[in-house]
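I sat down with this one to look up its packing and a few single residues. My notes are below the picture.

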Amino acid sequence: MTPPASAGTPHYDRATIAFHWLTVILVVGLFALAEIWGFLPRGTPTRRLLQSVHISFGLLFAAVFVLRVVWRLSRGRHLPPASGGWLRLAGAGMHGLLYLLLAAQIVLGFLFRWAQGEPFAFFGLFDIPTLVSIDHEQRRFFGGLHNTVAWSIIVLACIHAVAALFHHYVLRDGVLRRMTASR
């Protein structure tokens with residue numbers, strides 16, 4: 001049985017924790033929406049609705065990601081590593097790769113939508129202007145990359161979650177508790 005978080009266990013600040021879990025919810029939700037509409041016939045109202053919701057939440061995710069990066073670089077609490085050696089290196093590499101893929105996914109989402117030549121609306125409130133003219137023929141390329149990066153993010157996020165559980169149940173080093181409670 002893992003002991004409860006003690007006064008000596010360092011925790012991330014509330015904003016860092018909120019950004020982490022909001023990112024998790026948005027990434028999983030965006031992925032689920034895309035997978036679900038894949039089972040629906042093209043052009044159906046339900047499929048188009050799911051795509052519209054995906055785009056809107058994708059824009060929300062882009063804003064959350066930018067705010068998360070700004071917070072992390074400027075004010076977010078930086079904790080000392082819980083592990084040393086290869087575990088520390090693996091953790092830092094995993095976080096760096098996830099951040100890189102999340103940023104790439106946002107850029108690919110914009111490029112894919114602009115290549116489709118269709119409106120890019122945020123919950124019907126406003127449209128995102130096309131900033132880059134992209135040949136319509138490139139939509140398959142950007143769509144394929146967007147899909148590949150999405151699957152890569154999901155696989156790495158699952159590995160990340162398993163590593164957190166390993167730290168919690170095997171190493172018992174408090175890593176998981178850092179992201180589940182704040183002071």
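These entries go from the core to one helix and then to one threonine.

Before anything else: this is a predicted model, where local features need pLDDT of at least 70, side-chain atom pairs count only at pLDDT 80 or more, and totals for chains, interfaces and linings use all residues. Residues are numbered from 1 along each chain as its sequence is written, and side-chain values use heavy atoms, with hydrogens and water left out.

**Core.** I looked up the largest nonpolar core (buried Ala, Val, Leu, Ile, Met, Phe, Trp, Tyr and Cys residues joined through side-chain atoms within 4.5 Å). It holds 30 residues, and Val27, Phe61, Phe65, Leu102, Ile134, Phe142 and Ile153 touch the most other members. Two or more residues each come from H1 (14–37), H2 (45–74), H3 (85–116) and H4 (139–171); helices here are DSSP runs of H or I, at least four residues, numbered from the N terminus. H3 gives the most, 10 residues.

**Ile134.** Skipping neighbours within four places in sequence, I found Ile134 in contact (heavy atoms within 4.5 Å) with Leu111, Trp114, Ala115 and Phe142.

**H3.** I checked its length: 32 residues at 1.5 Å a residue (times one less than the number of residues) should span 46 Å, and the end C-alpha atoms are 46 Å apart, so the two agree. Gly117 follows H3, with a positive phi near 70 degrees.

**Thr23.** This one is in H1. Thr23 is buried (under 20% relative accessible area, 1.4 Å probe, protein chains only), at 6%. Its side chain reaches the backbone oxygen of Phe19 at 2.7 Å. Beyond four places in sequence, Thr23 is in contact with Phe61, Val64, Arg68 and Leu102.

How values were computed
Buried means under 20% relative accessible area, exposed over 50%, partly exposed in between (1.4 Å probe, protein chains only). A polar contact is a pair of N or O atoms within 3.5 Å; within protein, one must be able to donate a hydrogen and the other to accept it, and residues adjacent in sequence count only if both atoms are side-chain atoms.
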